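Colleague: Please take a close look at one part of this model, the sheet and what surrounds it. I would like a connected account rather than a list.

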There are 2 protein chains.
Amino acid sequence: MRDNAERDAHKNPHLIEDRIIHAALSGRIAPGERLGEKELSEIFGVSRTLVREAMMRLQARGIVEVSARRGWFVIEPSVEEARHTIDARRALEVGMLVTLDRASPAMIRTLRDHVRAEQKAIAGGDRAERSYLLGHFHVCLAETLGNPVLASLLQDLTTRTVLIAALYQSTHDAHESCGEHGAIIDALEQGNATEAARLMDVHLRHVEKALNYRSVSSRLEHLKEALKGSGG
Amino acid sequence: MRDNAERDAHKNPHLIEDRIIHAALSGRIAPGERLGEKELSEIFGVSRTLVREAMMRLQARGIVEVSARRGWFVIEPSVEEARHTIDARRALEVGMLVTLDRASPAMIRTLRDHVRAEQKAIAGGDRAERSYLLGHFHVCLAETLGNPVLASLLQDLTTRTVLIAALYQSTHDAHESCGEHGAIIDALEQGNATEAARLMDVHLRHVEKALNYRSVSSRLEHLKEALKGSGG
DNA sequence: AGGTTCAATGTTGCATACAAGATGTAAAAC
DNA sequence: GTTTTACATCTTGTATGCAACATTGAACCT
């Protein structure tokens with residue numbers, strides 16, 4: 001991995017977004033975190049203009065939001081938004097598998113490789129890599145099925161889900177997730193797309209169930225919640 | 001409807017995008033059409049900066065693309081991209097209905113209203129309104145089901161589909177589309193989400209089948225195609 | 001001490017200036 | 001007549017400057 005982002009930010013206009021998405025998927029950027037334009041412009045060695053343009057794109061992708069004259073912040077979805085996001089994701093992934101014809105052996109091999117990488121990251125204790133791979137499995141699935149449009153949509157939804165998981169202190173076990181990924185591939189290998197879809201549905205319900213919607217770590221929400229039952 | 005966009009473009013940062021999306025859905029903006037920054041900045045009475053920011057968001061949404069130092073253009077998807085887009089849409093909409101529990105009477109009423117509006121636009125011969133409503137039905141469906149995330153995703157996918165339909169000279173009949181929308185609502189009303197999903201699947205397959213993938217109106221693609229069989 | 005006002009600072013919002021490259025056109029060369 | 005070349009023009013790419021607002025902290029008043 002390279003650290004000198006400065007030189008590439010001009011050549012690849014999407015570098016800034018890519019880095020931020022990757023960092024979010026890896027759990028290195030928390031929901032609610034502030035992303036200052038000046039700060040980023042120094043990190044990437046470009047002017048605020050380019051940073052701003054990247055933020056605009058990330059905003060359209062639902063990853064960051066702007067508070068007028070206060071700054072850019074990584075999204076901090078409310079409980080309702082979190083539900084909607086995961087529901088949308090479930091719809092998309094279940095639909096993707098339901099409407100699938102058949103998965104070729106080459107696809108299966110690619111997916112198995114990915115799960116093996118997940119296992120390795122879990123065993124190795126690399127938290128960032130683990131987080132990234134567990135999320136990226138879903139993007140990888142869409143890519144492997146050969147649809148870049150689906151893959152792109154899933155990248156955004158997955159990133160948002162990872163942020164939600166961080167915000168609501170997901171207790172979802174990495175082993176379990178990885179195992180479920182494997183089971184989905186099994187079903188695909190046997191040509192049973194319906195079963196794969198069902199397993200995906202269950203998997204994503206697990207993801208949601210592991211969230212603790214009570215413990216909102218947002219300062220404001222936390223305060224609201226705390227004060228609601230204190231003084232009345 | 002108001003024409004003086006100038007005054008609002010400052011207050012509502014998303015006005016430019018909204019207008020472009022609406023125009024695309026209405027068939028008033030064709031695929032491949034050039035959207036000059038200066039041109040737009042004059043129309044909306046703002047500087048190029050704001051136009052550019054809007055274009056960045058539209059780019060992230062897959063509606064426009066930029067050709068370096070040549071300009072911004074409404075997307076002109078290749079046959080392959082068109083297939084992927086419609087496939088993604090089918091996955092999303094089928095999944096949305098499959099994973100749905102139950103549609104309330106209020107929802108059914110809203111949807112029926114929409115279809116009535118479609119019929120009225122068809123009868124009245126308002127091509128733009130007809131195009132808009134037929135596309136927007138799907139967004140409306142997601143909104144009505146109560147998921148803004150889904151609605152937002154569908155707005156983008158639907159817009160892209162409408163552009164694809166324009167590019168590949170879709171012969172899909174408006175009456176037929178409208179009828180299929182009605183049938184989907186019927187199934188939802190009877191609480192048969194599976195059937196609704198099946199009908200949606202069929203509906204979107206019709207949409208794709210109505211495309212004429214041979215007659216690519218893009219100059220470049222057209223030439224490529226023409227020259228491929230001419231001289232070898 | 002507690003609360004209020006006001007100035008200082010930091011951040012985004014928006015416009016503008018200029019650089020760099022693409023395109024179209026007309027003159028020049030053959 | 002055709003091709004080439006040079007130039008004029010137009011468009012986006014990027015940086016920068018300044019204005020507007022939010023926040024913070026200190027001084028000040030009560």
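**The sheet and its setting**

Modeller: The UniProt annotation "domain: HTH gntR-type", from an unreviewed entry, covers residues 10-77 of chain A. The model is predicted. Over residues 10-77 of chain A the chain is 47% helix and 15% strand, with the end C-alpha atoms 32 Å apart.

For the sheet itself I turn to chain B. There, 3 strands form an open sheet with antiparallel pairing, in the order β1-β3-β2. The edges are taken by β1 (34-35) and β2 (64-67) of chain B, each of which has a single partner strand, so one side of each is left without a neighbour in the sheet. Strand β3 of chain B, residues 71-74, runs antiparallel to β1(B), and 2 bridges join them. Within β3(B), B:Trp72 is the residue that stands opposite B:Leu35. A helix also meets this sheet: α4 of chain B, residues 48-60, lies across β2 and β3 of chain B and runs at about 115° to β2(B).

Then there is the contact between the chains. It involves 24 residues of chain A and 24 residues of chain B. On the side of chain A that touches chain B, at least two residues come from each of α4 (48-60), α5 (79-98) and α8 (148-167) of chain A. The most is given by α5(A), with 11 residues. By type, the residues on that side of chain A divide into 12 nonpolar, 6 polar and 6 charged.

Note on methods: Residues are numbered from 1 along each chain as its sequence is written. Chains are lettered from A and ligands numbered from 1 in the order in which they are written. This is a predicted model: local features need pLDDT of at least 70, side-chain atom pairs count only at pLDDT 80 or more; totals for chains, interfaces and linings use all residues. Two strands pair if DSSP finds at least two bridges between them. Helices (H or I, at least four residues) and strands (E, at least two) are DSSP runs, numbered from the N terminus. Two residues are in contact if their C-beta atoms, placed from the backbone, lie within 7 Å. Axes are lines fitted to C-alpha atoms, for helices over the stretch in contact, and angles run from 0 to 180 degrees between N-to-C directions. Ala, Val, Leu, Ile, Met, Phe, Trp, Tyr, Cys and Pro count as nonpolar, Asp, Glu, Lys and Arg as charged, and the others, Gly among them, as polar. UniProt positions are given in the numbering used here, feature names are shortened, and annotations may be inferred rather than shown by experiment.
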